[in-house]
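Work through the exercises below with the model open. Try each task before reading its solution.

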Amino acid sequence: MSATTRRLTTAQALVRFLSAQYTERDGSRQRLITGTWGIFGHGNVAGLGQALVEYSDVMPYHQGRNEQAMVHAAVGHARRLNRLSTQAVTTSIGPGATNLVTGAALATINRLPVLLLPGDYFASHAADPLLQQLEHPLAADVSVNDTLRPVSRYFDRITRPEALIPSALQAMRVLTDPAETGAVTLALPQDVQAEAYDWPEEFFTDRVWRVRRPAPDPAELADAVRAIRAAERPLIVAGGGVHHSAAEAALKALVDATGIPVASTQAGKGALRHDHPADLGGIGHTGTAVSDDLARTADLVIGVGTRYTDFTTASGTLFRHPDVRFLNLNITAFDAHKLAARTLVCDARTGLAALTEQLSGHRVEPAYEAEYRRGKERWERVVEAACRADDDGAVPTQTQVLGALDAVVGDEDVVINAAGSLPGDLHKLWRARSPHQYHLEYGYSCMGYEIPAALGVLQATPGTPVWALVGDGTYLMNPTEIVTAVQENLPVKLVLIQNHGYASIGGLSESVGAERFGTAYRHRAADGTFTGAPLPVDLAANAASLGMAVLRAKTVRELREALRTARAADRPTCVYVETDTDGPGAPPAEAWWDVPVAEVSGREAVADARARYESAAADRRRHL
């Protein structure tokens, strides 16, 4: 063996390589892969499992309970660190690998980096077929890992040790590219993992991947400035790209200079503090009245780091000004060109700073500022009414739970949610106090994200109070990482809301004429419907059995006390509350969302819903 090579197995080489990868942005350097989550089985125990033991001094290992949850934890970690760091996830072959698919889709849809390392078949086909191998009759090189191809931003199967070198470098390139990032999959045949090779020493030297901040094209910038100066009613839609770029201060500087108001997507909420005069809160189907009212009359919509999903655009019905135009500042041309927009393809912070400089002296009319400030004041009164509890001895509603939590958290706290009725309530009502406080995964809206993501955030920022807000439906999907929180001593604060079923989909079901069928957690009645008594399920006892401290709150007063106790706790703690589902809830939706209704039916509820659907769909518009 020469002085310029090192003889290691493929798995050992990969772990050693990953431990030497760094990102750098704005002069700050950090580890790219801060640790590896893993569940071992055949396909990775003898390869990556052994390698992680070999290099435990440079690659921290975290033991998960569910493969999908491990991806969620890594994604939460990456999001909290502005995509400059992430974690790797290793699984066995077969079901362990396919359990990654949902997490990979979530990561790629949300443009968040995560490295997936599933085990695979024998590249040599020495054992063929082997346990859990998919046999494809037309292609012997297909395995279940190929299900990860469409949900990965980069995919490769390492069938020879030396093939790892170019593939590993490509994987790091994609993970650190702000325009291309998402899930990256390196499928690792189990025999190749254990095979030794003489690796060039340069493969293991520290490598720094600089995260670019591309500047806007001068011609595009000039067009953008002209469009903003000509607009009478401009509106900024802040998306997740503002946070990924750490562009919050640049956005505030532009808004302070020009007076242009800001509405936010689920991913962008918190781009401005809630108490900034120009922050209008959420936009779209789950948005505030002031945001959606201004969106309907805006003549220029300035999207910053947003994908313009159907929730944001109210399925194409929100932006109604007859001459409305769009200006999209985005690091990806794919998103910048949506809605036939003028484009500003660049980094969010760099682009916002350039706009501020070029718009020197420009400001919206005072009457427009006064209008949206009045709207903001009106909406604030709506928020106060929804979250206020006048009777401390009453069973709280879900919005009162949010009001109680709002009174307890500090600016540094992080509130995590993903699915159910809570995202709508939070988007309308939550007062975000810092850029990282509002952590909603709504690109994939994946039930079961919250608890593992909270662990990833805690690993990224030890000592930060992190709250995972889940309903009973979400909890039953994926409570397993509670055990991981106990094992790793991560003091997650779980707010577990019992409302006996899928509240969000129940309401949606009713609105489309499906009469809440199959959405309640209740006994089946004699006629076959699920209208009996609530099931005798004790989720608080379940959380306690998994190792959490559990605080049961039956009244508003008890809830407030429990939340204060949980925030101060130094161990995983659950606040369990059964809510009043008949009391007043969040304000109704301020904009439409397209969920098709059956065109023909013998049920009156469906016919009524179809009439409402056709009326709303008539306002849909193609922006060209």
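An axis here is a line fitted to C-alpha atoms, for helices over the stretch in contact, and angles run from 0 to 180 degrees between N-to-C directions. The model is predicted.

**Exercise 1.** Find how the axes of helix α11 and helix α15 cross, and which residues make the contact.

Solution. Locate α11 at residues 289-297 and α15 at residues 366-387. Their axes come within 8 Å and cross at roughly 145°. On α11, the contact uses Ala289, Val290 and Leu294; on α15, Tyr368, Glu371, Tyr372, Gly375, Lys376 and Trp379 take part. Sorted by class, these residues are six nonpolar, one polar and two charged.

**Exercise 2.** Decide how α16 is placed relative to α23: parallel, antiparallel, perpendicular or oblique?

Solution. Take α16 (residues 398-408) and α23 (residues 556-568): the axes come within 9 Å and cross at roughly 40°. Angles under 35 degrees count as roughly parallel, and 65 to 115 as roughly perpendicular. The crossing angle therefore makes α16 oblique to α23. The crossing is right-handed. Residues in the contact include Ala404 and Leu405 of α16 and Leu559 and Leu563 of α23. By class, the contact has seven nonpolar, one polar and three charged residues.

**Exercise 3.** Describe the open sheet of six strands and the helices packed on it.

Solution. The strand order is β19-β18-β20-β21-β23-β22, with parallel pairing. The edge strands, β19 (438-440) and β22 (549-553), each pair on one side only. Neighbouring strands are turned by 20° against each other on average, direction ignored. Next, α16 packs on the sheet and touches β18, β20, β21 and β23. Helix α23 also packs on the sheet, touching β20, β21, β22 and β23.

Key: Residues numbered from 1 in each chain as written. Predicted model: local features only at pLDDT ≥ 70, side-chain atom pairs only at ≥ 80, totals over all residues. Heavy atoms only, no water. Helix = DSSP H or I, 4+ residues; strand = E, 2+ residues; numbered from the N terminus. Parallel < 35°, antiparallel > 145°, perpendicular 65-115°, else oblique. Left-handed = near helix turned anticlockwise from the far one by under 90°. Contact = heavy atoms within 4.5 Å. Nonpolar A, V, L, I, M, F, W, Y, C, P; charged D, E, K, R; others polar. Pairing = 2+ DSSP bridges.
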